[in-house]
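Welcome! Below are a few short exercises, each followed by a worked solution, to help you find your way around a new structure. Try each task on the model before you read on.

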Amino acid sequence: IYTLSLHDALPIWSAARGDLRVDSGESRAVDVDVSAMGDDARRQVGRPLCGIDPGRDKFGVAIVSDDRLDFSAIVPAFELDAVIGCMLSGNWEGLARFLCEGTLPQDRVERIYLGDGTGSEAFEKKFVEKGIECCMIDERMTTLEAERLYWSLHPPGGLWRLLPRALLPIPRSVDDLAAWAIVRKAQAGFR
């Protein structure tokens, strides 16, 4: 049994026509009995999602499973074809040199969420050319969320922990974490 958000569970439940119960502890959570599902519906549960924060010079990529960051990378924009090849094949070894957080994924992604900011039209066009469906997501405020996510992954130590996090310099670009924020925003239902 997997606990999913109601938004994610309804299409899977309708495909499976399985047992659907609302948890008493949280009104938006449901348990889905995957043993009653067909193979296609069962594969959808737990498949990773991909977020992309587009940009002119570089872009962030995040692979997320169950709201957990599995992999993130900051990739030069000219490497978009390599990323698309990884998405289509499920072999992510080509992105190892760009790794920022996590480990390389071992599976293809279920869905791609693309931020609608700078350079998104070129990214969307490239995905359409390759026959890949992506969902455009409003990426406003995702950089601020990315900074918050950075500090949750890497809490400051020593005397730095006494300062407000808004005053602390972040030692690296957070485009990859902005891609994670795009996935989180999509899962919350904001488009």
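**Exercise 1. Find the bridge partner of L49 in β8, then describe how β4 and β8 pair.**

Step 1. Keep in mind that this is a predicted model. Start at L49 and look across to β8: the bridge partner there is R111.

Step 2. Move along to I52, which stands opposite L114 in β8.

Step 3. Now take the two strands as a whole. β4 and β8 pair in the parallel sense, with 4 bridges between them.

**Exercise 2. Turn to the other neighbour, and work out which way β4 and β5 run.**

Step 1. L49 is a good starting point here too, since V64 in β5 stands opposite this residue.

Step 2. β4 and β5 are antiparallel, and 5 bridges join them.

Step 3. Follow the chain from β4 to β5: the connection is a hairpin of 4 residues.

**Exercise 3. Place these strands in their sheet, and say which strands stand at the edges.**

Step 1. Write down the order. The open sheet has 6 strands, arranged β7-β6-β5-β4-β8-β9, and its pairing is mixed.

Step 2. Look at the two ends of that order. β7 (99-102) and β9 (134-137) each have a single partner strand, so one side of each lacks a neighbour in the sheet.

Step 3. Add the twist: from one strand to the next, the average is 20°.

Step 4. A general reminder helps here: strands of a sheet pair through backbone hydrogen bonds, in either a parallel or an antiparallel way.

**Exercise 4. Decide whether the residues of β4 are buried or exposed.**

Step 1. The cut-off for buried is under 20% relative accessible area.

Step 2. Sort the residues by direction. L49, G51 and D53 point one way from β4, while C50 and I52 point the other way, and all are buried.

Step 3. Draw the conclusion: 5 of the 5 residues of β4 are buried, so the strand is largely enclosed by the rest of the structure.

**Exercise 5. Work out why the buried residues of α3 line one face of the helix.**

Step 1. List the buried residues of α3 (residues 80-89): L80, V83, I84, C86 and M87.

Step 2. Look down the axis of α3. These buried residues fall within an arc of 155°, so they line one face of the helix.

Step 3. See what they pack against: β4 (49-53), β5 (58-65), β6 (68-76), β8 (111-115) and α4 (120-129).

Step 4. Check how the helix lies. α3 crosses β4, β5, β6 and β8, and runs at about 15° to β5.

Step 5. Go just past the end of α3, where G90 has a positive phi of about 80°.

**Exercise 6. Which residues touch the most other members of the largest nonpolar core?**

Step 1. This core has 24 residues, and I52, I112 and F127 touch the most other members.

Step 2. Ask where the members come from. At least two residues each are supplied by β4, β5, β6, α3, β8 and α4, and the largest share, 5 residues, belongs to α3.

Step 3. Zoom in on I52. Beyond its neighbours within four places in sequence, its contacts include F59, M87, L114, F123 and I182.

Step 4. I182 also appears in a second, separate core of 21 residues, along with A62, L149 and L168.

Definitions and conventions:
Residues numbered from 1 in each chain as written. Predicted model: local features only at pLDDT ≥ 70, side-chain atom pairs only at ≥ 80, totals over all residues. Heavy atoms only, no water. Buried < 20%, exposed > 50% of the residue type's maximum accessible area, 1.4 Å probe, protein only. Arc of directions from axis to C-beta. Contact = heavy atoms within 4.5 Å. Pairing = 2+ DSSP bridges. Axes fitted to C-alpha atoms, helices over the stretch in contact; angles between N-to-C directions. Core = buried A, V, L, I, M, F, W, Y, C linked by side-chain atoms within 4.5 Å.
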